[in-house]
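Trainee: I'd like a close look at one part of this model, please. Pick a spot where two helices meet, and then show me the empty space around the fold.

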Amino acid sequence: MIAMQYSFVLPADYDMAIIDRRIRERGPLLDGFPRLRFKAYLAARKQDAGFAGAENLYAPFYLWDEPEGIDSFLSSPGFAAVTRDFGWPSVQTWLVWHAELTGNLKAAAYATRDIAAIAAYSDLASQRDNAIAEAKSAIDAGALAAVAAFDPTGWKMTKVTLWAGLPPMVTETMQLYTVGHVSLPNEQ
């Protein structure tokens with residue numbers, strides 16, 4: 001599996017109802033997209049964040065079964081429309097260490113993302129094992145999905161967690177999002 005996210009920083013006075021409407025109207029278009037495990041349509045609002053430096057964001061997060069799904073999506077008319085409307089984003093990708101998913105992802109209303117640097121010469125096996133344990137703990141605490149992944153090019157680890165309600169804990173290193181829609185394979 002491979003995780004992917006791009007993010008558009010929107011002006012502080014941007015009408016986020018435009019993003020909400022876009023997600024409502026276009027979100028279901030990726031339901032059943034080949035090789036997609038799930039796509040969470042994420043948004044953050046400057047006034048709702050509670051942390052200094054927060055921004056208005058549109059930042060979809062994808063979990064792909066295989067890299068060919070990324071190619072299919074980035075080459076699609078849907079991605080062309082996003083870039084036409086918002087610009088050419090930097091697309092972040094991570095190799096997935098672990099993805100813990102429940103059967104009720106459609107109930108997700110909030111998501112957190114935490115990105116941390118991996119120190120040089122770290123014990124990657126230990127980092128992976130800790131990330132897997134944290135993902136399982138998040139599920140035990142009520143999360144609907146917990147993804148732990150890493151980028152060996154920039155040596156960063158990311159953890160994305162989906163929740164039905166407000167997460168029990170949000171730290172200053174986390175980005176808090178609202179979830180407008182979750183696209184899943186057709187069989188779910």
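**Two helices and the pockets**

Mentor: Let's begin with a pair of helices: α1 and α4 cross in a right-handed way. Keep in mind as you look that this is a predicted model. Two packed helices are described by the angle between their axes and the distance between the axes. For this pair, the axes come within 14 Å and cross at roughly 165°. That angle is over 145 degrees, so α1 counts as roughly antiparallel to α4.

Now zoom in on the side chains. From α1, the residues Ile 19, Arg 22 and Arg 26 take part, and they meet Ala 81, Val 82, Asp 85 and Phe 86 of α4. Sorted by class, this contact has 4 nonpolar and 3 charged residues, with no polar ones.

Next comes the empty space. Rolling a probe the size of a water molecule over the atoms shows where empty space is left. The second largest pocket has a volume of about 220 Å³. Its lining has 17 residues, and Arg 26, Leu 29, Leu 30, Gly 78 and Val 82 are the closest to its centre. You have met two of these names already: Arg 26 and Val 82 also belong to the helix contact. At least two lining residues come from each of α1 (17–26), β3 (36–44) and α4 (77–86), and α4 gives the largest share, 4 residues. The lining divides into 12 nonpolar, 2 polar and 3 charged residues.

For the other pocket, turn to the largest one, which holds about 360 Å³ of space. It is lined by 20 residues, and Glu 134, Ala 138, Thr 161, Trp 163 and Met 174 lie nearest its centre. Here β7 (110–117), α5 (124–140), β8 (145–151) and β9 (156–163) each supply at least two lining residues. The largest share, 5 residues, comes from α5. By class, this lining has 13 nonpolar, 3 polar and 4 charged residues.

Key. Residues numbered from 1 in each chain as written. Predicted model: local features only at pLDDT ≥ 70, side-chain atom pairs only at ≥ 80, totals over all residues. Heavy atoms only, no water. 1 Å grid on protein atoms, 1.4 Å probe; cavity = no way out; pocket = protein on both sides within 12 Å on 5 of 7 lines; lining within 4 Å. Points joined across faces, edges and corners; volume = space filled by probe spheres on them. Nonpolar A, V, L, I, M, F, W, Y, C, P; charged D, E, K, R; others polar. Axes fitted to C-alpha atoms, helices over the stretch in contact; angles between N-to-C directions. Parallel < 35°, antiparallel > 145°, perpendicular 65-115°, else oblique. Left-handed = near helix turned anticlockwise from the far one by under 90°. Contact = heavy atoms within 4.5 Å.
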